[in-house]
Structure formats: structure tokens, C-alpha cells
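Student: I am new to this model and would like a close look at one part of it. Please start with the enclosed space inside and then work outwards.

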Amino acid sequence: MRVSTPSLRFVLAAVLSALLVVTLLSATATAAAPERVQLKVLLVTDSGTFTNATAIAAQLDREGVPYTTVDLGAAGRPVIDAAFLEDAATGTGNYQGVVLPNRAGTGSVKSLATAELEALAAYEVRYGVRQINSYDWPGAPGFDTTTTPGSAAGDGGQVTLTAAGASGPFSYLRGPIPIDDINPTVAESWVYFAQPAATVPPGASVTPLLSVQQGELSGALANVYTEGGREELTFTAGVNPYMQWWNAIAPGIVTWLTRGVHLGYQRNYLAVNIDDTLIGDARWSVDGNCTPGDNCVDPTVTTTDIRMTPAEVDRAVAWQNANNFKLDFAFNASGTQVLDASGQPTGASDPLTARFLQVQDQFGWINHTWSHTYLGCIQIAPSVQGESWRCATSEADLTDPNRQDPTVEAAESGGIYWASQAYIQKEIADSSA
């Protein structure tokens, strides 16, 4: 039986045909260049108004993330169109994230033309770019708009992570975050309290990342709405770059915006400052239930001050060398003086100072003023147990027997007597000598 085999001509023809198909496919792939996105954020601000967008800009600066700012109120600002957003010829997007002061069509963003908003939406869909609406009333899709959301100062409330936030961009956080309440008489963080939408159109989704609660009010603080290939995070509280609670969550906001892929990096610093080095610190009185020189109203209540010893200096050196962790000492140079019973310098050498000088390069040093005098207002100690000290508000207060640190030079301003500027400068200069 004879078995036929393909001719050489047939085999060569088949191979050439296959190579032609591969070549054509490669040419097609080359013509449709893969899309790329520059590692840079588009930050749209509100004509100098202190908004959340500026707080986000501060975090971008801290992490070293590059961004381009467009001020909506600036004359001659660039038009946000397709040519501004991308290089279509090479398939390269110019921005990996977009930050707006408010969501499209509200607040200052109303100054964006309809064509600009459409260009932004198309760009975000094509390149998979996320958008942050940095502070807005939650009437947008993704929120429950059937009821009017409550609003109030969030001061003293707390932020909690949702499951999506804890496993996503805020995975570096643990537990609730208290909202600053530095001044109880001032509303520091105004919050809109609204719930995520219970139902959304087919194909859309809502994902709260952070929740906020103040008293009986609660709602979504960072709410992500996804629809039609776009992802928008709406933030519902007013912040500034100096708030501690904002600084705790700000790295996660940037991580969400950039999907965690961006230039720069977030540093977390831990420093331990040993306070009042070289001078003695008052010891708590168990019998008086107070600290002498601070809140004891009975002048007969006294305790022996606590002061570091030369042996403890050696222990500090050994500990930080063993743990590879440098300590910083905030020092008061008046403690270098050895005093006699009347409080006058004797000129004798202080053993603690001498030991510190021998190992001074082992530590970091912070000028904590010469004598540790309180450099705010002139303090009048309480006369009733349980009360707090108060500021001097009259010349009579300056001779009050309960005045603390009577040697502090005083100067009046705004009806309050303060440590004078000259005195403060002398305290710092003397401790540097």
C-alpha cells in the first residue's frame, strides 16, 4: 500500500501563508499602539479658594506625586479638551487621575463648559482614569437622594473604614479615626451626612470606603460610584492640610486615585523626644492629689523633683544602639548649673551635663529654652482645688501671689498679658550659648 505525502511545494506554500498571517497581525497591532498613561495628576482648583482640592495637592506634594494645576478662575486658563488630556496619535494619556473641586455641574465646576466635561468623561473611560470630587453635597448618583442629607460639624466625631476601604486603599489604617476638635467653639470640619444609594442602574455600583459619624448623624464620607466605565469618589467633608484626621486618610485618597501606582512614596516618621533634659521635673503628690508648681493649691504640698542621672545616660546610649533607634533630647540649659541652697550658681561641674557632653553625638538635640518657662500668657495658678490656671488680664494680676513664674517679662496684647517677645528670644538664645 502506498501512502501519499504532501509535496514540498505544498508545504512551503502553507508555511508562507502562515507567516503572512502573522505578519499582518503584527502590522495591525503596531498600527493600534497600546495605550499608556503618564504618571501625573490633573488637579482642578477653585480660583484661590481654600478647598479640599488644595488639601489633596498638599498630600501629592508630600508624597512627591507630580500634578498639573488648572485654576478655574484664572484668566487664560487652558481649555480641558481632548488635545489637553491626551496624545491620541500615540495613545498616551497625559493624566493618571483627575481631581475636581466638586462633581460635574455643581459648585465651581459649573464654569467648565459642557464640551470640557464631555472630554473629561470620554478620557476617563478610554484610559481607565479615576476622578475625585473633593468636596460636595451628596446629591450625585451613588447617594440616597430620596431624603435631604443632614449636615453638621463633624468635630469630635469619628471615621471608620468599610470592608472595602480596609482591604483596599486604606489597608494601612487600623480602627476608627477621631475627627479633630481643636476649638469647641469653631466648626472645623463641616460634613454632609448621607447614605449610599440602595439601588443603582443596571451595570452601576456603589462602594463606600469610609464612613463618618457624629452623634446620631452618620453617612458615607468617601463614596465611590461606578457607571459606564467611570469611577468617581465623592468626599463629603471639608478639610485642610493641617488636620490630623485628614492627614491620616490622605495617603489612601491618593492611593485610590492612582490605583497605588504613582511616582513618589509616603514616609511615616516616628521620633521620640525626651522632654526637659538637664532640669528636674515635678513629681506627682499622692497625698495632695496634684503636681506641685502646676495644680496644687496648698503651698505646703511638695515632692522631690525627678532628674536624670549619668548612669541613665549610659543606659540610653546602650538602648538606642541595641535597637538602632536614635533618641532626641529636648534640653533646658539652665540645668547645667549647680545651685546652692539660695538658688545661686556655685560654678561647680554638673555630673549629668559632663556625661552628656562626652556622648553628645549619640543623640539628637532640641533647644527647649533656657529655663522651661511657659512662653504663652502669664499664668495665674488656681486658688481652688480642681480649677485650672487662667491667663493674666490686668496689671493687678501681675502682682497676684498665685502668679506663676513672676520673673517672666510681660507684655499686654488684646487684653491678655503674655511673655514678651524679647523674653522669648532671650530664653532661646541663652539655651543655645
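Student: Which residues line the largest cavity?

Tutor: The model is predicted, so local features need pLDDT of at least 70 and side-chain atom pairs count only at pLDDT 80 or more, while totals for chains, interfaces and linings use all residues. Residues are numbered from 1 along each chain as its sequence is written, and side-chain values use heavy atoms, with hydrogens and water left out.

The largest cavity is lined by Thr 373, Tyr 374, Cys 377, Ile 378, Gln 379, Gln 404, Asp 405 and Val 408. On a 1 Å grid over the protein atoms alone, a cavity is a set of points where a 1.4 Å probe fits but cannot get out; a pocket is an open set with protein on both sides within 12 Å along at least five of seven lines; and a lining residue has an atom within 4 Å of a point. The count of cavities of 30 Å³ or more comes to one. Its volume is about 50 Å³, where a volume is the space filled by probe spheres set on grid points joined across faces, edges and corners. Four of its lining residues are nonpolar, three polar and one charged. In these classes, Ala, Val, Leu, Ile, Met, Phe, Trp, Tyr, Cys and Pro are nonpolar, Asp, Glu, Lys and Arg are charged, and the others, Gly among them, are polar.

Gln 404 leads on to the largest pocket, since it is one of the residues nearest that pocket's centre, together with Ala 282, Pro 292, Gly 293 and Asp 294. The pocket holds about 930 Å³ of space and is lined by 32 residues: 13 nonpolar, 11 polar and eight charged.

Pro 292 is also in contact (heavy atoms within 4.5 Å) with Ser 285, which touches Cys 290, Val 301 and Thr 303 as well, leaving aside neighbours within four places in sequence. Ser 285 sits in the loop between S15 and H7, where helices (H or I, at least four residues) and strands (E, at least two) are DSSP runs numbered from the N terminus. At 6% relative accessibility, Ser 285 is buried; buried means under 20% relative accessible area, exposed over 50%, and partly exposed in between, with a 1.4 Å probe and protein chains only.

Strand S15 (residues 273–277) contains Asp 276. Asp 276 is buried too, at 8%, and has a phi near 60°, a positive value in a residue other than glycine.

On the other side of that loop is H7. Its buried residues are Val 313, Ala 316, Val 317 and Gln 320. Seen down the axis, they fall within an arc of 100°, so they line one face of the helix; the arc is that of the directions from the axis to the C-beta atoms. S16 and helix H8 (351–358) are among what covers them. The face turned away carries the exposed residues Arg 315 and Ala 322.

Just after H7, Asn 324 takes a positive phi of about 50°. Asn 324 is exposed, at 75%. Phe 325 is in the loop between helix H7 (310–323) and strand S16 (328–331) and is partly exposed, at 24%. Not counting residues up to four places away in sequence, Phe 325 touches Leu 270, Val 272, Trp 319 and Gln 320. The C-alpha atoms of Phe 325 and Phe 363, 38 residues apart along the chain, are 9.9 Å from each other.
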